[in-house]
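User: I'm new to this one and would like to know what the descriptive words rest on. Could you take me through it?

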Amino acid sequence: MSVMLEVKDLKKYFKTKRGSLHAVDGLNFKINQGETLGLVGESGCGKSTTGRVVLRLLEATGGEVLFEGKNILDYKKQEMRKFRENAQIVFQDPFASLNPRMSVFEIISEPLIINKKAESKEELNKKVLSLMDMVGLAERLRSTYPHELDGGRRQRIGIARALALNPSFIVQDEPVSALDVSIQAQILNLMDELQKELKLTYLFISHDLGVIKHVSDNVAVMYLGKIVEMADYKTLFADPRHPYTKALLSAIPVPNLDYQRERIILEGDVPSPINPPPGCRFYGRCFVKHGDVCQNMDPEFKEVTPGHFVACHGCHNA
Amino acid sequence: MATANHLLEVNDLTIHFLLEDGVVKAVNDLSFTLNAGETIGIVGETGAGKTTTALGLMRLVQSPPGLVVKGEINFEGQNLLDLSENDMRKVRGNKISMIFQDPMTSLNPVMPVRDQIAEVILLHQNMSAKEAIVKAEEMLNLVGIRKERSKEYPHQFSGGMRQRVGIAIALACNPTLLIADEPTTALDVTIQAQVLELMKQLKQDLNTSMIMITHDLGIVADICDKVAIMYAGTVVELADKVDLFKNPKHPYTVGLFGSIPDITNDDDELKPIKGAMPDPTDLPSGCPFRTRCDHVRDACAAFNMQKTDVGNGHYVKCILFEGKGV
């Protein structure tokens, strides 16, 4: 299978009054064509920043983003324009990401018009209606405005807009977090069908481990700007190695009374990503701690078994 | 079913909002009981009427436009709806208190957290200001916030810590009933686990009864004894937790379980509920769920939402079970 997207040592720092904020600090991952990488972590871990840097909606501080083998961070304006047709994003909040003064038809047709993808009115009409049909929006909704629709339908508009230019890669940035579970399930199933039908590649960002497990082929767990563990979804959930992953998995409330597990309750809060100290980012909350090395040296992101990567001193020795 | 020793017994509580666009029937014929030390989960999606229920029980529904159409809220043998506003004020924050969803907006930003706790104590208990401060610091200690931080303001705390302050305020007067309205929804999962653990511990230590309002069945599995499932203002199913999880009856409850990704299964398939929530000012006649239900039949439009006891205090409001009760 060919690699669609490869990220090498990707960094994004923000300058703040109090110092340099390391939002994304040296990420490495690959996504194969037609697969989904789930990026999971808590607020402030840098998952949304990663999604934006990968699309150059934010400029990276360092590293490479290879899309079909070429580093898009070197792209000039013309090449970027071509790339943007290929790589799209669906945003978290279907209330804020749609222009309230544009009708459904206008929102979905805008990318087609800007990129001159329709030669006539009839063709535009046909393309928009076929997109609406693809995402399950009834034709009668074409002249309605976002405020008239519920969250699920609004998110369908966001998906149709992302699909308009026939992309091969989509960043899904918490696309179902604002939705109720019954609607969330509809949208997740829709994304799954579209992926199979159109052979799409997804970078799926979410804080919800249940959703991540459901949609992903591979899962990367982020903590304070770094990926601490990455593996295929079955391995990650069955055999988590990093203490943070273990704690995260044990903290999810599971609606199943027979599901027994050891609960790990982490102490404290996520520390500030501004001027982070050397050593393991998780050191302050870790319940294992393997001595001075954890505090002084950044753990390497190492492959422990084929395809299973962990950044933890303790896990490497074991 | 109604015995005298329930701590709380709600009968047919109905709350409407009279708006220009029409009447929103936010809560309809809500009935449940709660014993001392018990926790009931009220589960539903946006617009189900969960928060209106909580505010209604505290008599905090703004009127107008809100109106308690009928019902009884018997708390410790007394109907709260009969109390004068003055007497009700003595109950609120004292015997019944509430934890709100958003710890960022429910605290006073210009008051040190210690003073916010002391305020409740001064209001309800016969204590001097000094004693109240000492008690406030004890409460902070109880929820895991060090005394050194007690003079800090809400913005100096993280979300999880702020919610702990909210819990400390709610528990300051040793309430017999605690209403928690989505207390962990704004929190990250590891912080949520901390707060839920704390609430479980405190509930056990203080024998407080709790109404847990949530959209998350995982939290219900973790912390509740019984569950009420709400849809469009109506409790469609009410049962003991084990009964409800092992043997859900109402098509909506079944649909909810089918919609949640199951992390205990590697290849689960989602079976969503079709359609979307109906417009609250224009609910379908009969069963409000019939527009989304896979088992819908003509008679559903005229169904009077009568509840059926399918055994062991497990109530369902659905035509499929009509006449099949015990």
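**Reasons behind the words**

Analyst: Let's start with chain A: among its contacts between residues at least 6 apart in sequence, 65% join residues at least 24 apart. Keep in mind that this is a predicted model.

User: What makes the radius of gyration of chain A agree with a compact globule?

Analyst: The rule takes 2.2 Å times the number of residues to the power 0.38. With 318 residues, that puts a compact globule near 20 Å, and chain A has 21 Å, so the two agree. Along the principal axes, the C-alpha atoms of chain A fill a box of roughly 70 × 50 × 45 Å.

User: How many of the residues of chain A count as buried, and what does the word ask for?

Analyst: A residue is buried if 20 or more other C-beta atoms lie within 10 Å of its own. In chain A, 44% of the 318 residues count as buried.

User: What are the helices and strands doing in numbers, and why is E2 of chain A called an edge strand?

Analyst: Chain A has 11 helices and 12 strands. Four strands make an open sheet in the order E2-E1-E4-E5 (chain A), with antiparallel pairing. Strand E2 (19-32) and strand E5 (70-71) of chain A each pair on one side only, and these are the edge strands.

User: How do you know that E1 and E4 of chain A pair?

Analyst: Pairing takes at least two bridges between the strands. Strand E1 (residues 3-16) and strand E4 (residues 62-67) of chain A are joined by five bridges, so they count as paired, and they run antiparallel. Across from Glu64(A) in E4(A) stands Lys8(A).

User: Which residues have the most contacts inside the largest nonpolar core?

Analyst: They are Ala160(A), Val221(A), Ile117(B), Ala168(B) and Ile179(B), in a core of 179 residues. Helix H5 (residues 159-171) of chain B gives the largest share of this core, seven residues. Leaving out residues up to four places away in sequence, Ile179(B) touches Ala54(B), Leu57(B), Met58(B), Ile96(B), Met98(B) and Ile211(B).

User: What makes up the contact between the chains?

Analyst: Chain A brings 34 residues and chain B brings 36 residues. On the chain A side, the elements giving two or more residues are helix H6 (181-198), helix H7 (209-215), helix H8 (233-238) and helix H9 (243-251). H6(A) supplies the largest share, eight residues. By class, that side of chain A has 18 nonpolar, 10 polar and six charged residues.

Definitions and conventions. Residues numbered from 1 in each chain as written. Chains lettered and ligands numbered in written order. Predicted model: local features only at pLDDT ≥ 70, side-chain atom pairs only at ≥ 80, totals over all residues. Contact = placed C-beta atoms within 7 Å. Nonpolar A, V, L, I, M, F, W, Y, C, P; charged D, E, K, R; others polar. Core = buried A, V, L, I, M, F, W, Y, C linked by C-beta atoms within 7 Å. Buried ≥ 20, exposed ≤ 12 C-beta atoms within 10 Å, placed from the backbone.
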